[in-house]
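Me: Could you take me through one part of this structure up close? I'd like to see how the helices there sit against each other.

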Amino acid sequence: AIGLIIELFTLYSVQRGNLLLAKLLIPIVLLAVTAVISLIVNGLRNAAMVAFPITIIVGSILLKDRSRIINVLVLGVVAFIAVKDLRGEIPSAPANIIVVVNIAILLLGFIGVTNILVGRLNQTILKARNSEKTQRVENAELNELKASLEDRVNQRTAELDSANRFNSQRARQFEAIAQVVRAISSIQDLD
């Protein structure tokens, strides 16, 4: 019930825009609920122990580089459950040291692998963001070149239109001169 109340508070925090609090509370509540279930019965042999690696994954995804906080908390909670289980303080047959060592090794290995994978994922995301920025800059440069080229084409078209008008005018002038020359030539032939 307390876990549900905290999760509702987390949802409220998200709606109010406080994402960091929500990102921190979600794995902590998952950790607390899993710990309580494991402490009630069977300790380290409780099926709820599977939730500890899930807590590490959730913490790594939500908190990224700050996920070490959750990793340390998970290790502390598992150590606490192991001590209680070894002392026989949890209802069930007590665990032996081999179970504790195996769980600790598996949990540490899982934390290491998860941190490596999340680190690589974060690097890939960073590379993708950098690539996106580069692509945007290059697209902006291409758009500027396109606009510049369109301006130059329009300018050259205007120059060609002006030259064509000039040439048409000159052609009319030459035609008029040719007519005058023919008229003069025909007058001279009459004389």
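Reply: Start with α2 and α3, which pack at an angle of about 175° with their axes 9 Å apart. (Axes are lines fitted to C-alpha atoms over the stretch in contact, and angles run from 0 to 180 degrees between N-to-C directions; helices are DSSP runs of H or I, at least four residues, numbered from the N terminus.) That angle makes α2 roughly antiparallel to α3, the label for anything over 145 degrees, while under 35 counts as roughly parallel. On the α2 side, the contact (heavy atoms within 4.5 Å) includes L24, P27, L31 and A35, and on the α3 side F52, V58 and L62 are among the partners.

This is a predicted model, so local features need pLDDT of at least 70 and side-chain atom pairs 80 or more, while totals for chains, interfaces and linings use all residues. Residues are numbered from 1 along each chain as its sequence is written, and side-chain values use heavy atoms, leaving out hydrogens and water.

Now look at α2 (residues 19-40) with α4 (residues 68-86): their angle is about 10° and their axes are 11 Å apart. That makes this pair roughly parallel. Here P27, L31 and A35 of α2 turn up again, among the residues meeting α4, whose side includes V74, V77 and I81.

Those three from α4 also have some of the most contacts inside the largest nonpolar core, which has 17 residues. (Such a core is a set of buried Ala, Val, Leu, Ile, Met, Phe, Trp, Tyr and Cys residues joined through side-chain atoms within 4.5 Å; buried means under 20% relative accessible area, with a 1.4 Å probe and protein chains only.) α4 gives the most to this core, with six residues.

Key. Helix = DSSP H or I, 4+ residues; strand = E, 2+ residues; numbered from the N terminus. Parallel < 35°, antiparallel > 145°, perpendicular 65-115°, else oblique. Buried < 20%, exposed > 50% of the residue type's maximum accessible area, 1.4 Å probe, protein only.
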